[in-house]
Amino acid sequence: MSQFLSQFPRTRMRRKRQAAWSRDMVRENLLTPADFIWPIFVVEGENELQPVSSMPGVNRMSIDVAVKHVKEAASVGVPCIAIFPNIAQTLRTEDCAEAWNPDNLVCRATRAIRDAVPEIGIMEDVALDPYNANGHDGIVRGDKIVNDESVEALVKQTLAQAEAGANIIGPSDMMDGRIGAMRDALEAAGHQDVMILSYAAKYASAFYGPFREAVGADGNLKGDKKTYQMDPANSNEALQEVGMDIAEGADMVMVKPGIAYLDICQRVKDTFGVPTFGYQCSGEYAMIEAAAANGWIDRDKIMFESLLAFKRAGCDGVLSYHAVEVSKKLNG
Ligand code: PBG
């Protein structure tokens with residue numbers, strides 16, 4: 001690149017940084033409300049707003065309350081939400097059958113939001129952990145999380161959610177072969193317009209801790225998720241995961257967690273050039289909020305800077321619990 005041959009003082013890098021207007025002129029990346037997918041947590045009941053203690057500012061909402069908040073999200077320009085349920089412990093079973101009950105909490109929330117806020121995109125997670133007695137994303141037999149039987153269950157969950165009106169299916173389970181199976185099933189059932197945003201490179205990460213509290217899976221989880229989620233030490237393997245999901249019919253892909261995995265986001269985007277999302281997940285949110293509550297960091301500045309970093313790494317968008325607040329601020 002020719003600019004690296006340029007020498008001081010003919011080149012002074014600070015010339016362009018001297019004023020706000022000139023910094024504005026040369027800025028390479030921007031954050032807009034259209035960059036966000038906003039994850040929300042739903043619970044049964046009416047007028048429920050239950051704080052998630054490890055995620056200050058995030059609440060589990062009953063469907064009526066969620067509808068109001070999603071309306072607000074749409075009004076500030078957030079294009080899409082992602083719905084996660086916290087269901088009664090009594091509905092969590094070994095076979096996870098509640099996951100494909102057409103009247104389960106997620107399906108009812110989807111229909112209510114679809115009716116009340118038709119202009120917003122609705123993404124739904126596909127994974128069994130909120131429905132599983134043992135907190136795993138797949139079916140457990142003995143000491144194994146069995147792959148192919150899990151995929152069959154996940155396909156049933158996918159179809160129930162598509163039937164309820166999901167626009168985007170977000171498989172977060174990391175079973176092998178699930179994207180192809182879901183795509184074929186969606187096509188066969190006439191849901192050819194339902195998109196798949198695959199959690200393609202999802203790591204076995206400690207950054208998900210607060211989320212597991214939010215969906216009530218923290219106490220249930222036996223063992224860890226290392227036989228299906230990726231080893232944080234690996235990078236080339238992420239490209240293989242993403243390549244397979246695209247070949248199987250994923251429309252968009254995701255890397256998760258976010259801020260500590262931006263190298264993966266960049267490699268994925270550079271290699272495949274498909275719409276790529278990063279998930280600023282619950283533990284990242286909790287770290288920002290906790291440090292800010294102690295007065296140790298400037299919360300708003302860190303919020304913007306960390307989200308902008310996803311754009312710089314090549315992400316087309318970010319799943320963020322700060323999505324609505326940041327969008328309001330971006331709108332002034
Ligand atoms: C479920 C799922 C998880 C997250 C999204 N979907 C947790 C996990 O895999 O244990 C994490 C979200 C977050 O931490 O914000 N498969």
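1. A salt bridge is taken here as a side-chain nitrogen of Lys or Arg within 4 Å of a carboxyl oxygen of Asp or Glu. By this rule the count comes to 18 salt bridges. The model is a predicted one, and the points below should be read with that in mind.

2. One salt bridge pairs the side chains of Lys-328 and Glu-72, at 2.7 Å from N to O. This pair links distant parts of the chain: Lys-328 belongs to helix H11 (residues 323-330), Glu-72 to helix H2 (residues 63-75), and the two positions lie 256 residues apart in sequence. Lys-328 has 38% relative accessibility and therefore counts as partly exposed. Glu-72 is also assigned as partly exposed, because its relative accessibility is 29%.

3. Are the partners in the salt bridge between Arg-178 and Asp-173 buried or exposed? The side chains meet at 3.2 Å, N to O. Arg-178 has a relative accessible area of 1%, so this residue is buried. Asp-173 is at 0% relative accessibility and so counts as buried. The cut-off that matters for both assignments is a relative accessible area under 20%.

4. Arg-299 and Asp-300 form a salt bridge through their side chains, with an N to O distance of 3.3 Å. Salt bridges that share partners join this pair with Glu-289, Glu-325 and Lys-329 into one network. Within that network, Asp-300 counts as partly exposed because its relative accessibility is 28%.

5. Two cis peptide bonds deserve a check. Phe-8 and Pro-9 are joined by a cis bond with omega of about 5 degrees, and Pro-9 is located in the segment before H1. The bond from Lys-256 to Pro-257 is cis as well, with omega near 0 degrees. Pro-257 sits in the loop between strand E10 (252-256) and helix H8 (262-272). As background, most peptide bonds are trans.

6. Which backbone angle stands out at Asn-47? This residue has a positive phi of about 55 degrees, although it is not a glycine. Asn-47 is placed in the loop between strand E1 (36-43) and strand E2 (49-51). Its relative accessibility is 63%, so Asn-47 counts as exposed. In general, most residues other than glycine have a negative phi.

7. Cys-96, likewise not a glycine, has a positive phi of about 60 degrees. The residue lies in the loop between strand E4 (80-85) and helix H3 (105-116). In contrast to the exposed Asn-47, Cys-96 is at 0% relative accessibility and is therefore buried.

8. Asp-129 is found in the loop between strand E5 (121-126) and strand E6 (140-141). Why does Asp-129 count as buried? Its relative accessible area is 5%, and the assignment requires a value under 20%. With neighbours within four places in sequence left aside, the residues in contact with Asp-129 are Gly-135, His-136, Asp-137, Phe-211, Ala-217 and Lys-225.

9. His-191 is in another loop, the one between helix H5 (178-188) and strand E9 (195-202). The relative accessible area of His-191 is 14%, so it is buried. Which residues does His-191 touch, not counting those up to four places away in sequence? They are Leu-159, Ala-162, Glu-163, Arg-183 and Leu-186. For Glu-163, the separation from His-191 is 28 residues in sequence and 8.2 Å in space, C-alpha to C-alpha.

10. A patch of positive charge on the surface gathers Arg-12, Arg-14, Arg-15, Lys-16 and Arg-17. Of these residues, Arg-17 lies in the segment before helix H1 (20-26). Arg-17 counts as exposed because its relative accessibility is 51%, the cut-off for that term being over 50%. The segment before H1 is also where Pro-9 is found.

11. What kind of surface patch do Trp-21, Met-25 and Val-26 form? The patch is nonpolar, and the three residues together have about 380 Å² of accessible area. Trp-21 is part of helix H1. At 57% relative accessibility, Trp-21 is classed as exposed.

Methods: Residues are numbered from 1 along each chain as its sequence is written. This is a predicted model: local features need pLDDT of at least 70, side-chain atom pairs count only at pLDDT 80 or more; totals for chains, interfaces and linings use all residues. Side-chain values use heavy atoms; hydrogens and water are left out. Patches are made of residues with over 30% relative accessible area and no salt bridge: like charges are joined within 9 Å, nonpolar side chains (Val, Leu, Ile, Met, Phe, Trp, Tyr) within 5 Å. Accessible areas come from the Shrake-Rupley method with a 1.4 Å probe; for residues, only the protein chains shown count as cover. Lys and Arg count as positive and Asp and Glu as negative; His and the chain ends are not counted. The place of a charge is taken as NZ of Lys, CZ of Arg, CG of Asp or CD of Glu. Helices (H or I, at least four residues) and strands (E, at least two) are DSSP runs, numbered from the N terminus. Buried means under 20% relative accessible area, exposed over 50%, partly exposed in between (1.4 Å probe, protein chains only). Contact means heavy atoms within 4.5 Å.
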